[in-house]
Amino acid sequence: MSTPEAPPADQTGTRLRRAVTGKLLFLFILGDVLGAGVYALAGSVAAEVGGAIWVPLLVALLLALLTAASYAELATKYPRAGGSAVYAERAFRQPVLAFLVGFCMLAAGVTSAAGLALAFAGDYLGVFLDVPAAPAALVFLLVVGLLNARGIKESLGANVVMTVVEVSGLVLVVVLGALVLGRGDGDLGRTVEFPSGVAPATAVLAAALLAYYSFVGFETSANIVEEVRDVRRVYPRALFGALLAAGAVYVLVGLAASVVLPPDQLAASSGPLLEVVRAADVGVPDRLFSAVALIAVANGALLTMIMASRMAYGMAEQRLLPGVLERVLPNRRTPWVAIAVTTAVAMGLSLAGDLTTLASTVVLLLLFVFLSTNTAVLVLRRDTVAAEHFHAPTVLPVLGIASCLLLLSQQEARVWGFGGLLLLGGVVLYLLTRLTDRRSGATGAG
């Protein structure tokens with residue numbers, strides 16, 4: 001009599017609801033990548049690279065795809081909530097290292113949400129309401145937290161609508177660029193112009209570091225794999241499809257922006273794509289495009305906070321964070337304590353930092369996470385699982401490691417300082433958690 005095969009890992013029991021289909025996962029990743037980054041950073045990229053905005057965007061896409069291949073392998077090999085922290089624990093067998101990797105991911109998520117809250121409360125909101133930025137950012141994060149707690153299906157349903165809106169805004173920019181070029185007002189030659197006095201390779205590398213922020217977000221999908229149906233089949237398709245789609249849109253947006261406006265005008269604006277719409281002069285109201293930008297920011301914040309709360313939940317299951325974070329709403333089956341805590345931390349960060357520092361810190365923290373994940377792929381090749389899963393060619397994680405080290409070398413000292421303070425807070429939290437566990441164990445033994 002043969003022994004029955006164990007069920008695939010993505011079909012074993014979980015307290016989370018499997019409500020995410022392949023299409024919802026694709027839109028989740030696309031919506032997270034096509035967030036606020038390109039709406040705000042096109043001008044900053046132009047300041048570094050001149051009119052050739054599309055070049056660093058393409059380079060950033062290629063760098064992101066390297067690490068995405070590692071996530072595709074590990075998420076389908078170990079489809080459990082917790083993402084990068086789970087992979088680090090399995091690969092390195094060091095609880096403190098697994099905690100730091102998970103905490104970097106968690107800190108990057110709440111830091112990104114704090115930055116997006118500040119972006120939401122800035123100039124785009126000012127088109128509609130004249131309110132102080134700090135209270136507006138706090139109210140915004142509270143609303144995001146409540147929607148997150150309502151349920152993963154409801155959150156991703158909102159994501160579908162917001163993703164359609166934000167993609168429509170970027171498509172509008174591309175179409176307007178084509179119209180401007182067609183009527184003879186644009187300058188196609190600017191798309192291959194680099195700033196004088198700077199080597200093109202140096203300019204592209206500096207701009208690619210900024211552009212990389214526009215692509216981060218794909219890694220958040222690894223934290224909801226426990227809620228994805230048929231994850232081993234649909235995850236790689238959704239991940240690579242969403243990244244390639246986002247990259248194509250970004251490159252076209254970069255080309256359109258350069259065609260319509262010179263780089264110095266783009267660099268001088270905090271809302272560069274709004275300036276492109278205005279320069280096209282086809283009657284698109286400022287309020288309409290500002291509303292689209294606000295929806296893009298809100299969508300990015302929602303998806304980021306979904307990731308952060310699931311990350312905290314997964315780390316609590318591994319006993320890397322206090323067990324209270326494992327509590328789930330009985331009916332909604334969402335990790336409500338993790339949602340409340342991550343929302344509160346994001347609120348605090350929105351009051352402590354500025355948008356530029358927060359965005360740069362997100363990239364710094366995620367580069368450490370990506371470095372760990374690319375290394376974990378190679379280490380875990382010796383750990384075989386029965387179920388079929390995506391297998392990345394070995395050269396891709398190796399190149400992924402090299403790309404992370406390259407981008408880390410470009411970070412400024414002030415960003416290292418801010419990131420170091422966050423990691424120090426993580427170390428303190430880890431030590432307190434370990435101390436609490438020891439005391440609980442001693443009490444139980446007594």
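**Salt bridges and their surroundings**

In this predicted model, Arg190 and Asp187 form a salt bridge, and their closest N and O atoms lie 3.8 Å apart. The two partners sit in contrasting surroundings. Arg190 has a relative accessibility of 12% and therefore counts as buried, since buried means under 20%. Asp187, with a relative accessible area of 31%, is partly exposed.

A second pair joins Arg93 to Glu89, again through a salt bridge, with 3.8 Å between the closest N and O atoms. Here the arginine, Arg93, is exposed, because its relative accessible area is 56% and exposed means over 50%. Its partner Glu89 is partly exposed, at 30%.

A third salt bridge links Asp286 with Arg278, and in this pair the closest N and O atoms are 2.9 Å apart. Asp286 is partly exposed, with a relative accessible area of 28%, and Arg278 also counts as partly exposed, at 39% relative accessibility. This pair has further company: Glu275, Arg278 and Asp286 are linked in a network of salt bridges. Altogether, the count of salt bridges comes to 7, and the pairs described here are among them.

Turning from charged pairs to a leucine, Leu406 belongs to helix α16, which covers residues 395-408. The side of the chain it shows to the surroundings can be put as a number: Leu406 is partly exposed, with a relative accessible area of 38%. How far apart are Leu406 and Ser350 in sequence and in space? Leu406 and Ser350 are separated by 56 residues in sequence and by 29 Å in space, taken from C-alpha to C-alpha.

Technical notes:
Residues are numbered from 1 along each chain as its sequence is written. This is a predicted model: local features need pLDDT of at least 70, side-chain atom pairs count only at pLDDT 80 or more; totals for chains, interfaces and linings use all residues. Side-chain values use heavy atoms; hydrogens and water are left out. Helices (H or I, at least four residues) and strands (E, at least two) are DSSP runs, numbered from the N terminus. Buried means under 20% relative accessible area, exposed over 50%, partly exposed in between (1.4 Å probe, protein chains only). A salt bridge is a side-chain nitrogen of Lys or Arg within 4 Å of a carboxyl oxygen of Asp or Glu.
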